[in-house]
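Let's take a walk through this model together, starting with an open space and then turning to a pair of helices. Have the viewer ready so that you can follow along.

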Amino acid sequence: MLSKCFSLHLHPHLSSTSLITKNSRLSLSLTTKLNATHIQKQVHPFLPARKYSRLTPMASSQSSRNDPKLAQFEPDPTLTNDDLKPTTPAERTYSGWEMASLWIGLVVGVPSYYLAGSLVDLGMAWWQGIATVVAANIILLVPLILTGHPGTRYGISFPVLARSSFGIRGAHIPTLLRALVGCGWYGIETWIGGEAIFILLPQFIKGNSSCSQFLPWLGTSPLEFACFIVFWVAQLAIVWKGMDGIRELEKFSAPILIILTSCLLIWAYVKAGGFGYVLSISSRLSSSEFWALFFPSLTANISFWATLALNIPDFTRYAKSQTDQIIGHAGLPIFMGAFTFVGLAVTLSTRVIFGQVISSPIQLLERIGGLTTMILAIFGISLATITTNIAANVVAPANALVNLSPSKFTFRRGALLTALLGIAFQPWRLLKSSESFVYTWLVGYSALLGPIGGIVLADYYLIRKTDLSVNDLYSLSPYGAYYYSGGYNLAAMAALIAGILPVIPGFLQNVGVVSSIPETFVVIYNNAWFFSFFLAGFLYWSVSVLTGKRKKPLPRDPLLPSET
């Protein structure tokens, strides 16, 4: 992902004789060479000078141009604005702790709370459930760090990175696919946050108010909807501050969430008289049954963060160094393992404490009762949901909309539209009518995004050897390295379709559209992320190698004379 400075070349068909015949032409040629020498000493203005001062304009022949004006970063105005430009060294302020704080804020939330417990309900031993979650996140760590690399090295977001593999215009396809699932989750997470506020409200407000009555035309009660809007506004206030606001939120929320989670775990330990009951739970599955459950569960847990693994450059572009982004990501399996253990231990301890299993943390905190508990519960659950929802479900859709039309959208406008779509989707209707369908659809849809990750990584590491031309990523010139065929890379499009098609039958069966499919497609869907990721990546790499790197003739320098 080395930035490409531009070198100037004499026109390949211009003979030395034609230059010597006229003094003016010779002078022009010498001037051009001197300008080229000067440009070769420059480093791309958006790359840290101390790390990239060794780069030369010959880092890639694809970045060469005849126009001296291209020596400076002059992006096409239809492809960039302040939110899409590469981050400058001064803007790269995320330390390893701040990157880790991002993941703590993401991990500590209601959906993660259920993960290991759901596997125990299906028959796994407590340690097998935890191990499955940790194994999935260790696997995910690989594409996460690899995809984060170009963000840190070049300071570019995911929509800009996608231009290198899918084409300048083709990048809209993967970014909008990622944005769609983000908008869906945003509405649902916001409703969960609002529902937490509603459930934890004092009983005299909920029970003695006409606002608590269900309204058919609204699909919920006015009080529940008001709680949803309160939570919606609270999130928007943070998002409105941009990435700096999100960074500060995640940074300062992390220690608070750790303390609150630890308090909940200590409470369960004391009230249950230890975790003896939790640790005594063994597997109810035979060996064959375990493996039949393990692989679909592994895929589901990978899919849990697979969407964020795609757009992680949106965050790593602000990292101080590759070391910082790697250290920050390395904590993900630890954080997921620790928090899912908390969820599992507390949930199973409720059987000892209350005589029944209470799987919802919101219902558990309501059951505990007490003014102090209610205040801490509303604060803690709201904070946990906000930190997860903003980072995971706002940044990607907002950047996708900015990439779609930089002249009309800024990050703030994109985030506002994402938030409005969250209301338009009416998540309260979706969850109440078919909660299992929504979660199955969204998690399954996330698995379908595996081919995008495979294509992006194959292009960046296997085809381009981490060498990108930053200028060409912002250029609509037909001679640009990423213009391909009218701005679309047909090889990437074909590989994307080929990676998705085999997964669709299992997906349709999973959401109830079809009743039965051949067993082969069941196996493929159970391993959807692995299958689609590697299939699409391999096909894209194969087609690119067989067709060879696209080489286009350089444009004729207008300052040079025409050939006679």
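This is a predicted model, and a good place to begin is its second largest pocket, where five helices each supply at least two residues of the lining: H5, H11 (242–272), H16 (332–354), H17 (361–368) and H18 (371–393). Of these, H18 gives the most, with seven residues.

How many residues line this pocket? The lining of the second largest pocket is made of 22 residues, and the space they enclose has a volume of about 510 Å³. If you would like to find its centre on screen, look for Leu260, Thr261, Leu264, Leu365 and Ala377, the lining residues that lie nearest to it. As for chemical character, 17 of the lining residues are nonpolar and five are polar, while none is charged.

Now stay with H5, one of the helices that contribute to that lining, and look at its packing partner. H5 (residues 110–121) packs against H6 (residues 126–154), with an angle of about 130 degrees between them and their axes 8 Å apart. Angles over 145 degrees would count as roughly antiparallel and those from 65 to 115 as roughly perpendicular, so H5 is oblique to H6. The crossing of H5 past H6 is right-handed.

Which residues make this contact? From H5 come Leu115, Ala116, Leu119 and Val120, and from H6 come Trp126, Gly129, Ile130, Thr132 and Val133. Sorted by class, the contact of H5 with H6 has seven nonpolar residues and two polar ones, with no charged residues.

Conventions:
Residues are numbered from 1 along each chain as its sequence is written. This is a predicted model: local features need pLDDT of at least 70, side-chain atom pairs count only at pLDDT 80 or more; totals for chains, interfaces and linings use all residues. Side-chain values use heavy atoms; hydrogens and water are left out. Axes are lines fitted to C-alpha atoms, for helices over the stretch in contact, and angles run from 0 to 180 degrees between N-to-C directions. Helices (H or I, at least four residues) and strands (E, at least two) are DSSP runs, numbered from the N terminus. Angles under 35 degrees count as roughly parallel, over 145 as roughly antiparallel, 65 to 115 as roughly perpendicular and the rest as oblique. A crossing is left-handed if the near helix is turned anticlockwise from the far one by less than a right angle, and right-handed if clockwise. Contact means heavy atoms within 4.5 Å. Ala, Val, Leu, Ile, Met, Phe, Trp, Tyr, Cys and Pro count as nonpolar, Asp, Glu, Lys and Arg as charged, and the others, Gly among them, as polar. On a 1 Å grid over the protein atoms alone, a cavity is a set of points where a 1.4 Å probe fits but cannot get out, and a pocket is an open set with protein on both sides within 12 Å along at least five of seven lines; lining residues have an atom within 4 Å of a point. Grid points are joined across faces, edges and corners, and a volume is the space filled by probe spheres set on the points.
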